[in-house]
Amino acid sequence: MSGKSNPNVRCVTCTAPVNIAVIKYWGKTDETRILPTNPSLSVTLGQDELRAKTSVAASSSFTEDRLWLNGIEQSISSPRIQNVLKEIRRRAHKRKSGDSKNDVVLTQHVHIVSENNFPTAAGLASSAAGYACLVFALGKLFGVHGEISDIARQGSGSACRSLYGGYVLWKMGSKEDGSDSHAVQVQPETHWPQMRSLILVVSDQKKHVGSTEGMQTTVQTSDLMEKRIKLVDKRTAEITKAINERDFPTFAKITMQESNQLHAVCLDTYPPIFYMTDTSRLIVRLVHAINDISGKVKVAYTFDAGPNACLYLLEEDVPRVLSLVRHFFPPSKDMKDSSFVTGLKLDEIKPLSGDISQINIPISEGAVKYVIHTNVGPGPQVLTDPKESLFTSEGKPRL
Ligand code: DP6
């Protein structure tokens, strides 16, 4: 670290997780407040492999609010960021502590530096982790405690679910002002210790239709969407029961049916939206083939607004499933085998064994770029070590 530490800068650094929905959020009834057409439920993933990190600083020497994202300064004028900042400050004012040292921050501008340890906008829920982290860090800086997932929701709907670990429900709520549309934890990350996730990164390119725009067109044009909305409550109740009872086959079947229905309403959108690619569909076929030859449902897939697959499976099945993934989607020649799977030691990846003649799928070299192995993880964390800060000791962004 260089330079003198600046005592006039107050800084907080936090991390927040990615969540991947098993009951999908797709459609809004209010575009500004970000109120959903249906409840949704997600699994919060471990932060070692996938997380957003955000440092927020306030100082009397700052003359305006500023934001740096993945090393580049961005405009802070986007309505969603402005809504989040306005709401945090409004609640902070409401709760003024009376301690002038703490309250001075309310009059100051903030600088925000945020980065992800995974590709942004690749359908890997980067906006969810990013907004959850921003709201959590601002909450700490401004002393706003209690329920804040409804503030994260106003940044990006799915972000409200990243404020909790484990299995998380976003209750759609019924109030017009959105105050009861927030996330609640269904079960903590410790509830089902064997649960694992494999993210098969098919492409880390930006998606062709963003989720905000995509879901808007679906609500406007898809007839199937009306039918879907009527089904979601039942599915949410069933998957909650399966999670509570650690019933993997039921959890997995609903997860796959939900993903398929999301992509069916996308296809029913006019003009149609395609997030899944040929490789995504080969992954679906592989998962069903594995489940067929196993005689029971061992693996589930789910796809968001992009071609990457998120597989859910139990710890005992990870070696077998990974060896099959690597067999049918071998890394391209220029990729070292050791970097094909992250989040696992190389000796935990077993060579393929057993009869696979029943799996009739073409081998597609390089179609899966890499695989991220992770578990179910906790909600946002505060990092107290100053070395973790994305600001220098003088309060400048560390870019
Ligand atoms: C397919 O939360 O990104 O990942 O609220 O417009 O920011 P906005 O949308 P966003 O949508 C996520 C959609 C999804 C499904 C899900 O996470 O539930």
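1. Two strands pair if DSSP finds at least two bridges between them. Keep that in mind as you look at this predicted model, and start with strand 1, residues 9–17. Strand 1 runs antiparallel to strand 6 (residues 51–59), and 9 bridges join the two. Strand 17 (residues 381–383) is also antiparallel to strand 1, this time with 3 bridges.

2. A good residue to click on here is threonine 13. What is its bridge partner in strand 6? Serine 55 takes that place, while in strand 17 leucine 383 stands opposite threonine 13. Strand 1 is also mostly covered, with 8 of its 9 residues buried.

3. Now move to strand 10, residues 167–170. Strand 5 and strand 10 are antiparallel and joined by 4 bridges; strand 10 and strand 11 also pair in the antiparallel sense, over 4 bridges. Valine 168 helps you find your way: serine 42 stands opposite valine 168 on the one hand, and glutamine 185 in strand 11 stands opposite valine 168 on the other. Are the two faces of strand 10 covered or open? Both are covered, as Tyr167 and Leu169 on one side are buried, and so are Val168 and Trp170 on the other.

4. Next, zoom out to the whole chain. The protein chain is divided into domain 1, made of 9–191 + 378–388, and domain 2, which spans 195–375. Taken over C-alpha atoms, the centres of domain 1 and domain 2 are separated by 27 Å. How many residues of domain 1 are in contact with domain 2? There are 26, and they meet 37 residues of domain 2.

5. Let us stay with the domain 1 side of that meeting place. The elements giving two or more residues to it are strand 2 (19–23), strand 5 (40–44) and strand 11 (183–187). Strand 2 gives the most, with 3 residues. By class, this side of domain 1 has 16 nonpolar, 6 polar and 4 charged residues.

6. The ligand is worth a visit too. There are 16 residues around the ligand, and Ala21, Ser156, Gly157, Ser158 and Thr212 come nearest. The shell draws at least three residues from each of domain 1 and domain 2. Helix 3 (126–142) and helix 5 (211–221) each supply at least two residues of the shell. Sorted by class, the shell has 7 nonpolar, 7 polar and 2 charged residues.

7. Helix 9 makes a nice exercise in telling inside from outside. Its buried residues include Val318, Val321, Leu322, Leu324, Val325 and Phe328. Why can we say that they line one face of the helix? Seen down the axis of helix 9, the buried residues fall within an arc of 160°, so they sit along one face. These buried residues pack against strand 12 (195–201), helix 8 (278–294), strand 13 (299–303), strand 14 (309–314), strand 15 (341–342) and strand 16 (370–375).

8. Finish with serine 323, which lies in helix 9 (residues 318–328). Serine 323 counts as partly exposed because it has 16 C-beta neighbours inside 10 Å, and a buried residue would need 20 or more. Leaving aside its neighbours within four places in sequence, serine 323 is in contact with Ile349, Lys350, Pro351 and Leu352. Serine 323 and isoleucine 349 are 26 residues apart along the chain, and their C-alpha atoms are separated by 6.7 Å.

Definitions and conventions. Residues are numbered from 1 along each chain as its sequence is written. This is a predicted model: local features need pLDDT of at least 70, side-chain atom pairs count only at pLDDT 80 or more; totals for chains, interfaces and linings use all residues. A residue is near a molecule or strand if its C-beta atom, placed from the backbone, lies within 6 Å of it. Ala, Val, Leu, Ile, Met, Phe, Trp, Tyr, Cys and Pro count as nonpolar, Asp, Glu, Lys and Arg as charged, and the others, Gly among them, as polar. Domain bounds come from an automatic or database domain assignment. A residue is buried if 20 or more other C-beta atoms lie within 10 Å of its own, exposed if 12 or fewer, and partly exposed in between; C-beta atoms are placed from the backbone. Two residues are in contact if their C-beta atoms, placed from the backbone, lie within 7 Å. The arc is that of the directions from the helix axis to the C-beta atoms.
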